[in-house]
Amino acid sequence: MAFHDQPRFEGSYLGDRARLDPATKLECKICWWVYDPALGDEVWQVPAGTAFSDLPAHWRCPRCDGEAEQFMVIDA
């Protein structure tokens, strides 16, 4: 397998959003910004109560622009 074919880091939820409880908080592994479903995300205009698994596919970290797959579970 070539280097560019290696699987990308996919946080502790293994890139499978369906595995996440709706109340799960996740942290960006790059800048440590926390996505809290109870608060949503003002930058991306995500309303409070939106589970991480329900974020739009184009959503990225509002602080550092990291991909959603780079987030790690910190609280379930």
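Accessible areas here come from the Shrake-Rupley method with a 1.4 Å probe. On that basis the surface of the chain comes to about 4900 Å², and 53% of it belongs to carbon and sulfur atoms. The model is predicted.

## Overall layout

The chain has 76 residues, of which 33% count as buried. Its secondary structure comes to zero helices and three strands. From the N terminus on, the order is β-β-β. Among contacts with a separation of 6 or more, 54% join residues 24 or more positions apart.

## The β1–β2 hairpin

Strands β1 and β2 pair in the antiparallel sense, over two bridges. Across this pairing, Glu-27 stands opposite Val-34 in β2.

The side chains of β1 alternate. Leu-26 and Cys-28 point to one face and are buried. Lys-25 and Glu-27 point to the other face and are not buried.

Five residues lie between the two strands of the hairpin. Trp-32 is in this loop between β1 and β2. Its phi is positive, about 70°, although Trp-32 is not a glycine. Most residues other than glycine have a negative phi. Is Trp-32 buried or exposed? Trp-32 has a relative accessible area of 60%, over the 50% cut-off, so it counts as exposed.

A second residue with positive phi is Gln-45, with a value near 55°; it too is not a glycine. Gln-45 is found in the loop between β2 and β3. With a relative accessible area of 70%, Gln-45 is exposed.

## Nonpolar core and aromatic cluster

The largest nonpolar core has 14 residues. Which of them touch the most other members? They are Trp-33, Tyr-35, Phe-52, Trp-59 and Phe-71.

These five residues return in the aromatic cluster, which is formed by Tyr-13, Trp-33, Tyr-35, Phe-52, Trp-59 and Phe-71.

Trp-33 has contacts well beyond its neighbours within four places in sequence. Its partners include Leu-26, Glu-27 and Cys-28, which are residues of strand β1. Trp-33 also contacts Asp-41, Trp-59, Cys-61, Pro-62, Arg-63 and Phe-71. Two of these partners, Trp-59 and Phe-71, belong to the aromatic cluster.

The structure holds nine aromatic pairs. In one of them, the ring centres of Phe-52 and Trp-59 are 5.8 Å apart and the planes meet at 80°, so the pair is edge-to-face. The cut-off for that class is an angle over 60 degrees. Phe-52 is buried, at 1% relative accessibility. Trp-59 is also buried, at 1%.

## Salt bridges

The count of salt bridges comes to three. The table gives each pair with its N to O distance.

| Basic residue | Acidic residue | N to O distance |
|---|---|---|
| Lys-25 | Asp-36 | 3.8 Å |
| Arg-60 | Asp-65 | 3.0 Å |
| Arg-60 | Glu-67 | 3.9 Å |

Where do the partners Lys-25 and Asp-36 lie? Lys-25 is in strand β1 (residues 25–28). Asp-36 is in the loop between β2 (34–35) and β3 (71–75). The two are eleven residues apart, and the pair links distant parts of the chain. Their exposure can be set side by side. Lys-25 has 27% relative accessibility and counts as partly exposed. Asp-36, with a relative accessible area of 14%, is under the 20% cut-off and therefore buried.

The other two bridges share Arg-60. Arg-60 is partly exposed, with a relative accessible area of 25%. Asp-65 is partly exposed at 43%, and Glu-67 is partly exposed at 27%. Through the shared partner, Arg-60, Asp-65 and Glu-67 are joined into one network.

## Drawing it together

Strand β1 links several of these features. One face carries the buried Leu-26 and Cys-28, and both residues are in contact with Trp-33. Lys-25 points to the other face and meets Asp-36 in a salt bridge. Trp-33 itself is among the core residues that touch the most other members.

Terms used:
Residues numbered from 1 in each chain as written. Heavy atoms only, no water. Core = buried A, V, L, I, M, F, W, Y, C linked by side-chain atoms within 4.5 Å. Buried < 20%, exposed > 50% of the residue type's maximum accessible area, 1.4 Å probe, protein only. Contact = heavy atoms within 4.5 Å. Helix = DSSP H or I, 4+ residues; strand = E, 2+ residues; numbered from the N terminus. Phe/Tyr/Trp six-rings, centres within 6.5 Å; stacked < 30°, edge-to-face > 60°. Salt bridge = Lys/Arg side-chain N within 4 Å of Asp/Glu carboxyl O. Pairing = 2+ DSSP bridges.
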